[in-house]
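Hi,

As promised, here is the structure for you to load. My notes on what turned up in it follow below.

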Amino acid sequence: MTSQTFLRSALLFVLLFMQLNNVQLSQNSDEHDDTALNKQKNGNIAADFNYVTQKKDKNYSVVLNRLQLEEQCPSAVQCNKLGFPCISCTYNTSCVYGEKMKTTCKAEVDCIGEKEFEKELICRYCYQTEPWEHDCILKADCDSVRSPKHYYRTNCTVRSDMLCLGRRTFLKRLPCNWTGGHRWSTALILSVTLGGFGADRFYLGHWQEGIGKLFSFGGLGVWTLIDVVLIAIHYLGPADGSLYA
């Protein structure tokens, strides 16, 4: 009788222990599910916030571009008279170079007449346009009189009324031929009349040589004569490396 009572008590204890473990596991599982659900909710909220923010930024960018177009583009003109960036056109990139073709363009701003129209253009890329058909950023930090000829790379943009394939702004290699405003005729007259006092050298920016000519009275006339010849044949130019105006 005593052994049966002990076995019953032991069995009851085991069942009670297993029940408590099941309750604990269930609670842990519920907590894990709640944590995962909260993370998912937080992730969805963050994703929704990012989506709304990106959408607002995109809408703001569209509105800003629209306002910039309205400022740049006139409204009281015919639509087919507008240029870039007031219009957008579709191009056939499989055309034959040099041939004339027509393309359909659409006005991006308010204008007079039909907003969709056709324009004629030559099949070529923008970097293949003629020099008078694009504007380049000129630089004045190079030596124009250097031999061999000095070149530099700069950005060029086709005119707004020109139609071409590819990017409208491109890099181009240009010769260094800028001028600082020094006139060849003025330098030559100064060299002939006041060259003995270094006036020609001072005018061209050669200060050290000008001081030397001033205190040597033009090298007793020899230096003066040499400078007259050098300026006359365009061999002696401005000290900043620019060309004569």
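Let me start with one cysteine: at 24% relative accessibility, Cys136 counts as partly exposed, where buried means under 20% relative accessible area, exposed over 50% and partly exposed in between, using a 1.4 Å probe and protein chains only. Its partner Cys156 is buried, with a relative accessible area of 0%.

Before going further, please note that this is a predicted model, in which local features need pLDDT of at least 70 and side-chain atom pairs count only at pLDDT 80 or more, while totals for chains, interfaces and linings use all residues. Residues are numbered from 1 along each chain as its sequence is written, and side-chain values use heavy atoms, with hydrogens and water left out.

Disulfides

Cys136 and Cys156 are joined by a disulfide, S to S 1.9 Å; a disulfide here is a pair of cysteine sulfur atoms within 2.5 Å. The link of Cys136 and Cys156 is right-handed, with 105 degrees about the S-S bond. Cys136 lies in strand β4 and Cys156 in strand β5 (residues 151-158), so the pair ties together parts that are 20 residues apart in sequence. Strands (E, at least two residues) and helices (H or I, at least four) are DSSP runs, numbered from the N terminus.

How many disulfides does a search of the whole structure find? It finds six, and two others are worth describing here.

One of them is formed by Cys79 and Cys111, with their sulfur atoms 1.9 Å apart. This pair links distant parts of the chain, 32 residues apart: Cys79 is in the loop between α1 (2-72) and β1, and Cys111 is in the loop between β2 and β3. The torsion about the S-S bond of Cys79 and Cys111 is about 95 degrees, so this disulfide is right-handed. Cys79 is buried, at a relative accessible area of 1%, and Cys111 also counts as buried, at 16% relative accessibility.

The other joins Cys95 to Cys123, again S to S 1.9 Å. Cys95 lies in the loop between β1 and β2, and Cys123 in the loop between β3 and β4 (134-136), so the pair ties together parts that are 28 residues apart in sequence. With a torsion of about 75 degrees about the S-S bond, the disulfide of Cys95 and Cys123 is right-handed. Both Cys95 and Cys123 are buried.

The sheet

Three strands form an open sheet in the order β1-β2-β3, with antiparallel pairing; two strands pair if DSSP finds at least two bridges between them. β1 (87-89) and β3 (116-122) are the edge strands, each pairing on one side only. β1 and β2 (residues 100-107) pair in the antiparallel sense over three bridges, and the bridge partner of Ile87 in β2 is Ala107.

Helix α6

Which residues of helix α6 (residues 222-232) are buried? They are Thr224, Asp227, Val228 and Ile231. These residues cover an arc of only 105 degrees around the axis, which puts them on the same side of α6; the arc is that of the directions from the helix axis to the C-beta atoms. An α-helix has 3.6 residues a turn, so residues three or four places apart point the same way.

The cover over the buried residues of α6 includes α2 (184-194), α3 (199-204), α4 (207-215) and α5 (217-220), with contact meaning heavy atoms within 4.5 Å. Val222 and Leu225 are exposed, on the face of α6 turned away from its buried side. After α6 comes His234, whose phi is positive, near 65 degrees.

Best wishes
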